Amino acid sequence: MAKGIKVNASEVIERLKASTSTNTDIDLANYFEVSNKAISSWRTRNSIPLEFLLQACAGTGEKIDYFLFGEAFPRQQTESLETRIDDFWITTMKLTGERILIEILEKHAPEELAFMDAEETLAKGESIGMAMLIFADFIERKKKELVDSGRMTNDEFKEYIRNVDRYDLPYFARAIKHRNKNGPQ
């Protein structure tokens, strides 16, 4: 996170539960299709992977600011993502997400790709593409809020965006490896 911004993962988890209509860590883990140990790990590390925050944003309509900072953080009323981004960009990002998924799996988990049918590849790829689109929208809004207002320099903003949360490949590869499917064992 940027200097001076502190986020409490336990509070974020409670806001995630409230927004996703889940009551327990186990319910939240089921919502995100992860183990309940993952939720505990987020608390211990005081860090929640960005992909789950984005999934919650997409699933609930809440802004990421709400999950990170709560109701006390000033929230702006903005148009929905769908009204600001035309169909061309939505389609482009979905196709890009599918291509990225295939490239990553070809390089890091070819056996997983071999057992994935076209419909599953499309659905997962579209999900990745929409997450990228949501994150790009988040970056645009944050740039207006932080850089255009003079609160951060461009370099500070780049560092802030890089550290919004971890989104490294090893996490993604572990998630694929441990997922419970009828693919390779």
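A residue counts as buried when its relative accessible area is under 20%. In this predicted model, that cut-off picks out Leu28, Ala29 and Phe32 as the buried residues of helix α2. Viewed down the axis of α2, these residues lie within an arc of 100°, so they line one face of the helix. Their packing partners are α1, α3 and α4. Just past the end of α2, Glu33 adopts a positive phi of about 60°.

Helix α3, spanning residues 36-45, comes next in this account. Its buried residues are Ala38, Ile39 and Trp42. They take up an arc of only 100° around the axis, and therefore sit on the same side of α3. The cover over these buried residues includes α1 (9-20), α2 (25-32) and α4 (50-60). A look at the opposite face completes the picture: turned away from the buried side of α3 are the exposed residues Lys37 and Thr44. Directly after α3, Asn46 has a positive phi of about 55°.

Helix α4, which helps to cover the buried residues of α3, also meets helix α9 (residues 118-146). The axes of these two helices come within 10 Å and cross at roughly 90°, which means that α4 is roughly perpendicular to α9. On the α4 side, the contact involves Leu50, Leu54 and Ala58, and these meet Ala131, Ile134 and Phe135 of α9. Sorted by class, the contact between α4 and α9 consists of six nonpolar residues, with no polar and no charged ones.

Terms used. Residues are numbered from 1 along each chain as its sequence is written. This is a predicted model: local features need pLDDT of at least 70, side-chain atom pairs count only at pLDDT 80 or more; totals for chains, interfaces and linings use all residues. Side-chain values use heavy atoms; hydrogens and water are left out. Buried means under 20% relative accessible area, exposed over 50%, partly exposed in between (1.4 Å probe, protein chains only). Helices (H or I, at least four residues) and strands (E, at least two) are DSSP runs, numbered from the N terminus. The arc is that of the directions from the helix axis to the C-beta atoms. Contact means heavy atoms within 4.5 Å. Axes are lines fitted to C-alpha atoms, for helices over the stretch in contact, and angles run from 0 to 180 degrees between N-to-C directions. Angles under 35 degrees count as roughly parallel, over 145 as roughly antiparallel, 65 to 115 as roughly perpendicular and the rest as oblique. Ala, Val, Leu, Ile, Met, Phe, Trp, Tyr, Cys and Pro count as nonpolar, Asp, Glu, Lys and Arg as charged, and the others, Gly among them, as polar.
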